[in-house]
Amino acid sequence: MNIMNKYRLLKKTAWAALAVLALASCKSEVWKEHYSTNDDVPTMTLAQTIESMPEYSNFVKALKTTFTFNEKNMTNVTYWDLLNESNFMTVWLPTNGSIAPEVWEQYTKPVRDKTREEHLKFGTEFLMNHIARFSHTVGSATDERITMLSGKGYDATPTSLAGTDYQANGTNIRCSNGILHKLDGKIEYLPSIYEYLTTNSDYKEFGQWFAQYTKYEIDVDKSVEKGIVDGQMVYADSVMKISSVLLDKFGYINEEDSNYIMLLPAPELLSQEFNRIKDYFEYESLRDDADSLQKFYTYQAMMTDMFFNMNKGVNPHAADSIVSTLFKLEERLSDSIPYHVYKNPRGENGILASAKDSAMCSNGKVYFFDKWPFKDNMTFLRPIKVEAEDVMLASDFTFRPRNLYRDYYGNSFQATVMEVDRTGFDNWEAPFYIPNTLKASYKMKIVLRRNTVTNRAYYLLPTVSLYSEFKDLSKTAAELEKEAQVYKPSGLNPYKYYCGDKNNTNIKDPDVIESPAFSLKHCNYETNLDLCRVLLSCKATNKETQTSTVWIDCIILEPVIE
């Protein structure tokens, strides 16, 4: 046994010992309220005590005929065996009458007649939903949130658990390895938003796609150890924790102590929108992973504003608004467009007002829609901005902070510009590589700042092209060059730009020159293998200028919204 396993085993043994000592010897006022003052130490286990109560015969049968799981593997240990172990537990007993006879019939089928899936389902959603680790007594000061073996958390009061009342004189029944409470009903199992999404048969395709990025591992601190077998710890009951790149990005909708909202369009609407949006994420066809990339980023785009974290203190925006989990305050401060923000969500025109129905989950609520509730230009189809200082460095370029400017969106800021420093009559070229472009139509805007040289005009010529690491080797260089011309937008004429005004050296507003619309042949979203390049070149002549110095602020590609 390694040191950590020894520590965990000792820790759990200590818990059990302390709990038994507390039950046996505590003489405080709390003890007098919770228990009789009889000094007898109970000798019957939880399982034995429950079996002695005929009114819980169905619960006993379910315990005896349902196997536990060790990670993803079904064991030969039943929940009855678990309640006979020394691990200290608290059990809330559901009445026979609180469950329909046909459901009891399923729960109590002979152990060999249950499928693996039924053992897992009945154990998780029913038996484990009525059992918790350690001691949870009931008294006049009870106010806690109890986490069951199922992982679900429920609020406990002096008179109820999860809204289900206790029977009169039915609390704090002492056993040798735990405590029993009699409920006047049962505890309803609610799925988390994650479970709802990934197990609902109506959303099978979307749910299975989401679930495939989930990784499971055992939570050793929350699992019940049975002992060492072949040098490894075996768990009589195991709790799994999950991780996922999607959960990391969109929010931990699996966490039971959280409060989320999910906006879920109807299955047919999801399919319809997927087929529309996927065209924006069409990658170079020569890529081996083009199809998988397209599917992943299409679904990710659809989920942009699908999740909202409603936990207290999370929303940094106005009180009458909600923000999706992709909201970032620093982005909001630098951009005048309120991405991920929805004002008055339950008002007449609010985003939640158009929901057709909703469903409660253990950690929030799911709202259903039969019309697509999101706008492309407010979610994934957004302008792409590249700062000049992020351009590929060259000896002819320097970067210098300048006076306080207003940017293209009207915000004031301390500008950093790329100053192309050549003197004389030399021309120059500055390449800008634009990331995360979609297969879409764009207009290009070049944001320039005026310098302080004598007012002279010269020409700036922008061109746009796509460069791909994936080449069709069956084609000749001439054929590839001819094909590349297709990538280059037509109508990008030279722009005559005045590089300064000696009589006005503190001009704060930018000069913006705009191109006609052009279309990109494929996307390069989240990849460095397909590059969109804007080549900005100076085409000055001797008659037009005494210097070719210019201050370049940024390049913006704005999608054309049809």
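Here is a short chat about reading this predicted model.

Me: What is the mean pLDDT of the protein chain, and how many of its residues reach 70 or more?

Reply: pLDDT is the predictor's confidence in each residue, from 0 to 100. Here the chain averages 77, with 66% of its residues at 70 or more.

Me: Which stretches have pLDDT below 50, and how many contacts do they have?

Reply: Residues 1-38 are one such stretch, with pLDDT below 50, though the model still gives them 50 contacts beyond near neighbours in sequence. Another is residues 502-506, where pLDDT stays under 50 and the model has 3 contacts beyond four places in sequence.

Me: Let's try a helix. Which residues of helix 4 are buried?

Reply: Buried means under 20% relative accessible area. In helix 4, which spans residues 57-64, that goes for Asn58, Phe59, Val60, Ala62 and Leu63.

Me: And what covers the buried residues of helix 4?

Reply: Several elements do, including helix 3 (46-51), helix 5 (79-82), helix 6 (101-107) and helix 7 (116-127), plus strand 2 (73-78) and strand 3 (89-93).

Me: Now the sheet of 4 strands. What is the strand order?

Reply: The order is 4-3-10-9, in an open sheet with mixed pairing. Strand 4 (131-133) and strand 9 (173-175) each have a single partner strand, so they sit at the edges with one side lacking a neighbour in the sheet. On average, neighbouring strands here are turned by 20° against each other, ignoring direction.

Me: How many bridges join strand 9 to strand 10?

Reply: There are 3, and the two strands run antiparallel, with strand 10 covering residues 178-182. As one example, cysteine 175 has glycine 178 of strand 10 as its bridge partner.

Definitions and conventions. Residues are numbered from 1 along each chain as its sequence is written. This is a predicted model: local features need pLDDT of at least 70, side-chain atom pairs count only at pLDDT 80 or more; totals for chains, interfaces and linings use all residues. Side-chain values use heavy atoms; hydrogens and water are left out. Contact means heavy atoms within 4.5 Å. Buried means under 20% relative accessible area, exposed over 50%, partly exposed in between (1.4 Å probe, protein chains only). Two strands pair if DSSP finds at least two bridges between them. Axes are lines fitted to C-alpha atoms, for helices over the stretch in contact, and angles run from 0 to 180 degrees between N-to-C directions.
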